Amino acid sequence: MPVSDNSFNSIIMVQVLHDVYFPDKVIKELKRIVKNNGVVMVVAPYLSAMCGDYADYWRFTPNGLIALFEKNGFKIEHLETRGRFFSVITQMTTRLFINSFDLYNRKILGRIFSPVFLIFGKLAIFLDEKIEIKSNKKYGLVTIIVARKI
């Protein structure tokens with residue numbers, strides 16, 4: 001269903017941009033359909049595992065998203081990277097265990113591992129918040145950008 005120009009006050013797109021072959025075209029389309037002075041929020045993966053069996057083309061650094069939006073006529077209102085070093089390591093380790101032991105299909109084993117993953121996840125978030133070293137800020141699971149059409 002086609003969408004008219006300047007149709008929306010705001011658009012939220014979560015974990016989609018990495019799955020499209022031409023992300024630049026998507027940003028141009030967002031600009032076309034959001035109203036003047038409208039806001040677009042995009043959440044895109046930064047350091048994360050590739051998605052299963054379907055198209056998965058890109059990962060976006062904060063600077064990459066800034067460039068993509070600014071060159072397409074948006075002003076950056078907010079930029080944030082979520083999940084730092086310990087969260088990245090914990091998510092990758094958790095995914096390794098889930099996939100290696102087929103924990104989604106092995107329900108009993110999955111139930112055994114689940115509380116362990118929860119504890120390690122909470123510990124990772126705690127460590128990411130408490131350890132204030134420069135190198136910790138170079139890692140991130142996702143980048144969140146809020147941009148205004150100008």
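Helix 3 and helix 4 cross in a right-handed manner in this predicted model. Helix 3 covers residues 85–100 and helix 4 covers residues 107–130, and their axes come within 7 Å of each other, crossing at roughly 165°. That angle is over 145°, so helix 3 counts as roughly antiparallel to helix 4. On the helix 3 side, the residues that meet helix 4 are Phe85, Phe86, Ser87, Thr90, Thr94, Phe97 and Ile98. Their counterparts in helix 4 are Phe113, Phe117, Phe120, Gly121, Ala124, Ile125, Leu127 and Asp128. Sorted by class, this contact is made up of 10 nonpolar, four polar and one charged residues.

Next comes the sheet. Its four strands are arranged in the order 1-2-4-3, and the sheet is open, with mixed pairing. Strand 1 (8–14) and strand 3 (74–82) sit at the edges; each has a single partner strand, so one side of each is left without a neighbour in the sheet. Going from one strand to the next, the twist averages 10°.

How do the strands pair along that order? Strands of a sheet pair through backbone hydrogen bonds, either parallel or antiparallel. Here, strand 1 runs parallel to strand 2, with six bridges holding the pairing. Within this pair, Met13 has Val42 of strand 2 as its bridge partner. Strand 2 then pairs with strand 4 in the antiparallel sense, over seven bridges. Val42 turns up again here, this time with Ile145 in strand 4 as its bridge partner. Strand 4 (residues 142–149) also pairs with strand 3, again in the antiparallel sense, over eight bridges. In that pairing, Ile76 stands opposite Ala147 of strand 4.

That leaves the helices that lie on the sheet. Helix 1 (residues 23–33) lies across strand 1, strand 2 (34–45), strand 3 and strand 4, and runs at about 150° to strand 2. Together with strand 1 and strand 2, helix 1 makes a right-handed β-α-β unit. Helix 2 (residues 62–70) lies across strand 2, strand 3 and strand 4, and runs at about 160° to strand 3.

Note on methods. Residues numbered from 1 in each chain as written. Predicted model: local features only at pLDDT ≥ 70, side-chain atom pairs only at ≥ 80, totals over all residues. Heavy atoms only, no water. Pairing = 2+ DSSP bridges. Helix = DSSP H or I, 4+ residues; strand = E, 2+ residues; numbered from the N terminus. Axes fitted to C-alpha atoms, helices over the stretch in contact; angles between N-to-C directions. Contact = heavy atoms within 4.5 Å. Right-handed = clockwise from strand over helix to strand, strands pointing away. Parallel < 35°, antiparallel > 145°, perpendicular 65-115°, else oblique. Left-handed = near helix turned anticlockwise from the far one by under 90°. Nonpolar A, V, L, I, M, F, W, Y, C, P; charged D, E, K, R; others polar.
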